[in-house]
Amino acid sequence: MKRLGLIGLVLICLMIAVSMILPVSAASSYLRGDADGDGKVTILDATAIQRSLAALPVKSFNEKAADVDGDGLNITDATWIQRYLAEFDNIHHINETVTIPDPTTPQPTTPQPTRDPYELPVV
Ligand SMILES: [Ca+2]
Ligand SMILES: [Ca+2]
């Protein structure tokens, strides 16, 4: 019994040490269309959008996930989810995970071509 306690203590110390060494990413993700945040896209998500737009109480609401077409939250987002559920189309990639990058992590940049400032333009 005493030995198991010692092993548990060593494992806890090891987990703490690893968590301190490994960088922690602040990146987060959500499921596009999962407006109520229950981990799946259902008709309840379209209903949550409709309720939110009507200023009715919504238990849980993720506006980023609800705005499936990226133009701001409106009734069209509920329609896109209904179309997806009816297997009509899915042009906005509903039910796909969207990862928000950590804003403190530098993003790779595309090198810009350098141009000679004294170069004459090609006519
Ligand atoms: Ca949902
Ligand atoms: Ca929208």
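Contact here means heavy atoms within 4.5 Å. With that in hand, welcome to a short tour of a predicted model, with stops at Arg32 and at two calcium sites. Arg32 touches Val41, Ala65, Val68, His92, His93, Ile94, Asn95, Glu96 and Val98, leaving aside residues up to four places away in sequence. One calcium ion (ligand 1) has Asp45 among its donors, and the other (ligand 2) has Asp77 among its donors.

**Arg32**

- You will find Arg32 in the loop that runs between strand 1 (28-31) and helix 2 (43-53).
- Arg32 is buried but forms no salt bridge. The nearest side chain of opposite charge belongs to Glu96, 4.9 Å away, and a salt bridge needs the charged atoms within 4 Å.
- Glu96 is nonetheless one of the residues that Arg32 touches.
- His92 is also on the contact list of Arg32, and the Arg32 side chain reaches the backbone oxygen of His92 at 3.4 Å.

**Calcium ion (ligand 1)**

- The ion is coordinated by Asp34 (OD), Asp36 (OD), Asp38 (OD), Lys40 (O), Asp45 (OD) and Asp45 (OD), at 2.2 to 2.6 Å.
- Along the chain, these donors follow the spacing D-x1-D-x1-D-x1-K-x4-D.
- The arrangement is irregular because the six donor atoms subtend angles of 53 to 163°.
- Asp36 is buried, at a relative accessible area of 17%.

**Asp45, a donor in helix 2**

- Asp45 sits in helix 2 and counts as buried because its relative accessibility is 0%.
- Like Arg32, which is buried without a salt bridge, Asp45 has no salt bridge despite being buried. For Asp45, the nearest side chain of opposite charge is that of Lys40, 8.8 Å away.
- Lys40 coordinates the ion through its O atom, and Asp45 touches Lys40.
- Other contacts of Asp45 include Gly33, Asp34, Ala35, Asp36, Asp38 and Ile81, again not counting residues up to four places away in sequence.
- The side chain of Asp45 also reaches the backbone nitrogen of Thr42, at 2.7 Å.

**Calcium ion (ligand 2)**

- Here the coordinating atoms come from Asp67 (OD), Asp69 (OD), Asp71 (OD), Gly72 (O), Asp77 (OD) and Asp77 (OD), at 2.1 to 2.5 Å.
- The donor spacing along the chain reads D-x1-D-x1-D-G-x4-D.
- This site is irregular, with angles of 53 to 148° among its six donor atoms.
- Two of its donor residues offer a contrast: Gly72 is partly exposed, with a relative accessible area of 28%, whereas Asp77 is buried, with a value of 0%.

Technical notes: Residues are numbered from 1 along each chain as its sequence is written. Chains are lettered from A and ligands numbered from 1 in the order in which they are written. This is a predicted model: local features need pLDDT of at least 70, side-chain atom pairs count only at pLDDT 80 or more; totals for chains, interfaces and linings use all residues. Side-chain values use heavy atoms; hydrogens and water are left out. Helices (H or I, at least four residues) and strands (E, at least two) are DSSP runs, numbered from the N terminus. Buried means under 20% relative accessible area, exposed over 50%, partly exposed in between (1.4 Å probe, protein chains only). Lys and Arg count as positive and Asp and Glu as negative; His and the chain ends are not counted. A polar contact is a pair of N or O atoms within 3.5 Å; within protein, one must be able to donate a hydrogen and the other to accept it, and residues adjacent in sequence count only if both atoms are side-chain atoms. Donors are N, O and S atoms within 2.8 Å of the metal (3.2 Å for Na, K and Ca); water is not among the atoms, so sites may look incomplete. Four donors count as tetrahedral if all angles lie between 85 and 135 degrees; four count as square planar and six as octahedral if opposite donors are over 155 degrees apart and all others between 65 and 115; anything else is irregular.
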